[in-house]
Amino acid sequence: MPATYEPIATTTLSSAASSITFSSIPGTYTDLRLVLALKAASTQYAQMQFNNDTASTYSVTWIDGSGSAAASGRNTNSSYIDLSQRTFPSGQISLVTIDIFSYAGSTNKTCLTNYNQDNNGSGYVGNQVGLWRSTSAITSIKLYSGVSIYDTGTTATLYGILKA
């Protein structure tokens, strides 16, 4: 990572889990980057919430493709942001990067998510723009699923981006 990135916290799972949470995020950076190497324990979707907000305050616009087909769409008034618009394939490692802009500011929060997945040669890539309609500073990020999707070896690192 460039010198303007400072690691805030890293989690590497020693057993399967249904969530990963980063809390007590300091407000001393300009932006955040979350890098997730997700080894899926089961074929599932995974979501993200900020500050434990479960209200319908999230929206996403997305596009993805598999090499043979492309898709796009929009989700509004949701209680979370999906990490991907497709399920994470069991036993496979997927890379997800999430850039969260002006996370400590007093305006609504936006994030850019890039995801790519391999499912034994039939994977896909995608991008999405998420919006959290809140003016609160982000102090916690929760990645979760209804089941233990995050398998042993899944690694998540949160970086703070310093002013350039």
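**Exercise 1. Lysine 109**

In which strand does Lys-109 lie? Determine also what surrounds Lys-109 and whether its charge is paired or unpaired.

*Solution.* The model is predicted: local features need pLDDT of at least 70, side-chain atom pairs count only at pLDDT 80 or more, and totals for chains, interfaces and linings use all residues. Residues are numbered from 1 along each chain as its sequence is written, and side-chain values use heavy atoms, with hydrogens and water left out.

Step 1. Lys-109 lies in strand β9, residues 109-117. Strands (E, at least two residues) are DSSP runs, numbered from the N terminus.

Step 2. Lys-109 is buried and has no salt bridge. Buried means under 20% relative accessible area, exposed over 50%, and partly exposed in between, with a 1.4 Å probe and protein chains only. A salt bridge is a side-chain nitrogen of Lys or Arg within 4 Å of a carboxyl oxygen of Asp or Glu.

Step 3. The nearest side chain of opposite charge is Asp-53, 10 Å away. In this count Lys and Arg are positive and Asp and Glu are negative, while His and the chain ends are not counted.

Step 4. The side chain of Lys-109 does reach the backbone oxygen of Ser-136, at 2.9 Å. Contact means heavy atoms within 4.5 Å; residues touching Lys-109 include Tyr-103, Trp-132, Ser-136 and Ile-138.

**Exercise 2. The salt bridges**

How many salt bridges does the structure hold? Identify the partners and their places in the chain.

*Solution.* Step 1. There are two salt bridges.

Step 2. In one of them, the side chains of Arg-33 and Asp-99 meet at 2.7 Å, N to O. This pair links distant parts of the chain, as Arg-33 belongs to strand β3 and Asp-99 to strand β8 (residues 93-101), 66 residues apart. Asp-99 has 8% relative accessibility and therefore counts as buried.

Step 3. Asp-64 forms a salt bridge with Arg-86, the closest N and O atoms being 3.0 Å apart. Here too distant parts of the chain are linked: Asp-64 is in strand β5 (residues 58-65), Arg-86 is in the loop between β7 (81-82) and β8, and 22 residues separate them.

Step 4. Asp-64 counts as buried because its relative accessibility is 4%. Arg-86, at 28%, counts as partly exposed.

**Exercise 3. Glutamine 49 and its sheet**

Is Gln-49 buried or exposed? Describe its polar contacts and the sheet to which its strand belongs.

*Solution.* Step 1. Gln-49 lies in strand β4 (residues 47-50). Its relative accessibility is 6%, so Gln-49 counts as buried.

Step 2. The side chain of Gln-49 reaches the backbone oxygen of Ser-79 at 2.8 Å, and a polar contact of 3.4 Å joins the side chains of Gln-49 and Tyr-144. A polar contact is a pair of N or O atoms within 3.5 Å; within protein, one must be able to donate a hydrogen and the other to accept it, and residues adjacent in sequence count only if both atoms are side-chain atoms.

Step 3. Four strands form an open sheet in the order β2-β11-β4-β7, with antiparallel pairing. The edge strands, β2 (19-22) and β7, each pair on one side only. Two strands pair if DSSP finds at least two bridges between them.

Step 4. Strand β4 pairs with β11 (residues 141-144) in the antiparallel sense over four bridges. The bridge partner of Gln-49 in β11 is Lys-142.

**Exercise 4. Strand β5**

How many of the eight residues of β5 are buried? Find the strands that pair with β5.

*Solution.* Step 1. Six of the eight residues are buried, so β5 is largely enclosed by the rest of the structure.

Step 2. Seven bridges join β5 to strand β6 (residues 70-78), and the two run antiparallel. One bridge pair consists of Thr-61 and, in β6, Arg-74.

Step 3. β5 and β6 form a hairpin with four residues between them, and Gly-67 in the turn has a positive phi of about 100 degrees.

Step 4. β5 also pairs with strand β10 (residues 124-132), antiparallel and over eight bridges. In β10, Asn-127 is the bridge partner of Ile-63.

Conventions. Lists of a residue's contacts leave out its neighbours within four places in sequence.
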